[in-house]
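Student: I would like to learn how to read a structure I have never met before. Could you take me through it slowly?

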Amino acid sequence: MTTSLLKVLLIAFGGPSSSGKTTAAKALQTILPKSLLVHLDDFYLPSDLIPYDEEVKEQNWDVPEAIDFNKFKTYIDGLRTGKGLNIQIDSLEGDTPLKLDLKGQLKFKTLLNQYPTLFNHDEETIFVLVDGFMLYHDPKITELFDIRFFFHAPYETLKYRREHRHGYNTDVGVWVDPPGYFDRLVWPGYVKTHKYLFINEDVDQELTDYAKETLQLQEFKNDDSLSLEDMVQWSLQTIITKLS
Ligand SMILES: Nc1ncnc2c1ncn2[C@@H]1O[C@H](COP(=O)(O)OP(=O)(O)O)[C@@H](O)[C@H]1O
Ligand SMILES: [Mg+2]
């Protein structure tokens with residue numbers, strides 16, 4: 001009897017809040033032959049340990065210190081070796097119902113079928129899709145991944161989407177943003193941790209060569225002119241190019 005080789009491909013879906021990370025990752029999970037979805041949000045510290053911002057007088061869920069990165073890194077390292085693949089994380093991620101219709105899915109499955117190596121059972125590829133708002137603030141975390149998607153969109157778009165969300169599940173209930181939360185904590189938290197990736201440290205400008213070439217961030221500007229299908233098409237194409 002021959003045992004098949006297991007290849008684990010770790011794909012990061014990073015970027016600011018409401019940039020489309022979870023939507024894209026969930027969509028790809030329904031299309032890729034064998035995949036596992038991981039949400040960084042499931043590695044938040046217990047809510048009573050989330051940092052408190054003295055100036056804004058709110059808990060701040062939008063800083064790296066709110067996440068248990070040791071636990072996250074250990075988990076990802078376990079997936080990389082294949083040993084941790086059957087360790088299930090209880091997920092709090094309940095929002096974002098997937099809006100990809102059957103016709104859309106069929107179209108992408110047809111696209112994938114042109115790449116039979118993906119279904120080669122002698123070398124089985126498991127796609128680990130990791131969705132998180134803090135995957136590129138620290139190169140030590142960024143380097144855990146083989147493919148690094150960076151979703152982002154202009155301030156106004158992100159603010160509108162975030163402020164129209166119903167809330168987030170936490171270990172103790174549902175977190176609903178207090179008024180002004182996006183402007184006071186979410187956006188500044190993103191800018192502070194991600195500006196080093198942009199020319200002139202300005203998140204409205206282009207990515208630096210360091211971000212594109214050294215960190216190999218694959219950028220997708222997901223403003224409202226693009227559809228879920230565009231996002232999926234681009235993500236799949238990028239994965240296929242990387243594997244070919
Ligand atoms: N291209 C787009 N056009 C319009 N709405 C979008 C687009 N991409 C994402 N959205 C919407 O924005 C919201 C946030 O998306 P989500 O994937 O949950 O973001 P994230 O996981 O990055 O916080 C969802 O309601 C989603 O449907
Ligand atoms: Mg999300």
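Tutor: We shall look at the ligand site and then at two pairs of packed helices. This is a predicted model, in which local features need pLDDT of at least 70 and side-chain atom pairs count only at pLDDT 80 or more, while totals for chains, interfaces and linings use all residues. Residues are numbered from 1 along each chain as its sequence is written, chains are lettered from A and ligands numbered from 1 in the order in which they are written, and side-chain values use heavy atoms, with hydrogens and water left out.

Student: Which residues come nearest to ligand 1?

Tutor: A residue counts as near if one of its heavy atoms lies within 4 Å of the molecule. Of the 16 residues around ligand 1, the nearest are S18, T22, T23, N222 and L226, and the shell divides into two nonpolar, eight polar and six charged residues. Helix α1, residues 21-31, gives the most to this shell, with three residues.

Student: What polar contact does T23 make with ligand 1?

Tutor: A polar contact is a pair of N or O atoms within 3.5 Å. A polar side-chain atom of T23 lies 2.4 Å from an oxygen atom of ligand 1, and a polar side-chain atom of D224 is 3.4 Å from a nitrogen atom of the ligand. The protein covers 80% of the 570 Å² of accessible area (Shrake-Rupley method, 1.4 Å probe) that ligand 1 has on its own.

Student: How is the packing of α1 and α8 described?

Tutor: Two packed helices are described by the angle between their axes and the distance between those axes. Helix α1 and helix α8, residues 228-243, pack at about 65 degrees with their axes 10 Å apart, in a right-handed crossing. The residues of their contact (heavy atoms within 4.5 Å) divide into nine nonpolar, two polar and no charged.

Student: At what angle do α5 and α6 cross?

Tutor: The axes of α5, residues 155-163, and α6, residues 181-194, cross at roughly 115 degrees and come within 11 Å. Their contact divides into six nonpolar, no polar and four charged residues.

Definitions and conventions:
Axes are lines fitted to C-alpha atoms, for helices over the stretch in contact, and angles run from 0 to 180 degrees between N-to-C directions. Helices (H or I, at least four residues) and strands (E, at least two) are DSSP runs, numbered from the N terminus. Ala, Val, Leu, Ile, Met, Phe, Trp, Tyr, Cys and Pro count as nonpolar, Asp, Glu, Lys and Arg as charged, and the others, Gly among them, as polar. A polar contact is a pair of N or O atoms within 3.5 Å; within protein, one must be able to donate a hydrogen and the other to accept it, and residues adjacent in sequence count only if both atoms are side-chain atoms. A crossing is left-handed if the near helix is turned anticlockwise from the far one by less than a right angle, and right-handed if clockwise.
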